[in-house]
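Work through the two exercises below with the sequence and the model at hand. Each task is followed by a solution in steps.

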Amino acid sequence: MIVCLAVVGHENNPLYIQSFTESDDALKLHHIVHCSLDVIDERVNNPKKSSPTINEAFLGLLYPTENYKVYGYLTNTKVKFILVTTDLDIRDADVRNFFRKFHAAYVDAVSNPFHVPGKRITSRTFGERVSTIVKSFGLSSAS
Amino acid sequence: MEGEVSESCVESLLAEIVLVVGHQFSERYTMDRPRFTDNLEAIKFICKDFWSELFKKQIDNLKTNHRGTFVLQDNRFRWLAHMSIDPSVQASGNIQDPSAMAENKSTQATGMHLYFPCGIIRRALSNLGIACAVSADISNLPACSFVIRIKA
């Protein structure tokens, strides 16, 4: 189950952060997202030479914590998407698919003429689209 | 009657629009592509994909001095294709030369139409992480050259 989604801009400024749990873990989840930004920077600046995915947007599993798995995705415009989930047996392909749909929703939200680049995304439609994508993710990877 | 808009006015009015539009274009058109490895890849993206999305054609000629300056030449720039040109002032069409410009209003007016494409290119490149300055050369309309100077 996805517990948290975040979009972080070029200057590490938060553009969108949304938790999907009922409990009050919001602060802990924000902290996890914040730490994962460092992991992303490290991965981008020191690419492993043997890694075939040096130019890919999808960064894969960033780091596993005690209960959560954190996945990262970096767009060409240096915007980072971070996904925190409690599922332990997630397929890579599902996460890639999720990020693809999320990227499309993000691009549409940014194309809104009332959106100011660099400020938070406040579109309700974006929030709804994201909830739909999150729900369908849970269904498709249910084992 | 004061019908002319001063250049600095145009620039400031367009600056904000360019900021937003350039940002949106760059987000949308880089969506499905892998990350760029270096500046040349990003410039080639501008020449091919970006230009085809905006103008339905690719850049006709790309030159570089391998030291951070690129010249993109479009032989028939769509946004200026239907602009009438005064043949007598064809020789001094470079909009970066203010003294020559003061003498011909048509070139000046045409030059103002170039702020938007230059700005979009600059904004798209800065979104990809490349700080640069973009200027345009319209000495041979309808051909238009964009000069991109990457700030080191």
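**Exercise 1: the interface**

In this predicted model, A:Asp108 and B:Arg28 form a salt bridge, with 2.9 Å between the closest N and O atoms. Justify that assignment, then describe the interface of chain A and chain B.

Solution.

1. The rule asks for a side-chain nitrogen of Lys or Arg within 4 Å of a carboxyl oxygen of Asp or Glu. A:Asp108 and B:Arg28 satisfy it at 2.9 Å.
2. Across the interface of chain A and chain B, the rule finds 1 salt bridge.
3. Polar contacts between chain A and chain B number 12 residue pairs, both residues being at pLDDT 80 or more.
4. On the side of chain A that touches chain B, β4 (69-74) and α2 (92-110) of chain A are the elements that give two or more residues. The most comes from α2(A), with 6 residues.
5. By class, that side of chain A has 13 nonpolar, 8 polar and 3 charged residues.
6. In total, 24 residues of chain A contact 17 residues of chain B. The two chains bury about 1,800 Å² between them, with 51% of it on carbon and sulfur atoms.

**Exercise 2: the sheet of chain B**

Determine the strand order of the open sheet in chain B and place the helices on it.

Solution.

1. The 4 strands run in the order β1-β2-β4-β3, with antiparallel pairing.
2. β1 (61-64) and β3 (132-137) of chain B are the edge strands, each pairing on one side only.
3. Strands β2 (69-74) and β4 (144-150) of chain B pair over 6 bridges; B:Asp74 stands opposite B:Cys144.
4. Helix α2 (39-55) of chain B lies across β1, β2 and β4 of chain B, at about 15° to β2(B).
5. Helix α5 (115-127) of chain B touches β3 and β4 of chain B, and its direction makes about 155° with that of β3(B).

Technical notes:
Residues numbered from 1 in each chain as written. Chains lettered and ligands numbered in written order. Predicted model: local features only at pLDDT ≥ 70, side-chain atom pairs only at ≥ 80, totals over all residues. Heavy atoms only, no water. Contact = heavy atoms within 4.5 Å. Buried area = accessible area lost by both parts, 1.4 Å probe. Polar contact = N/O pair within 3.5 Å; in protein donor to acceptor, adjacent residues only side chain to side chain. Nonpolar A, V, L, I, M, F, W, Y, C, P; charged D, E, K, R; others polar. Pairing = 2+ DSSP bridges. Axes fitted to C-alpha atoms, helices over the stretch in contact; angles between N-to-C directions.
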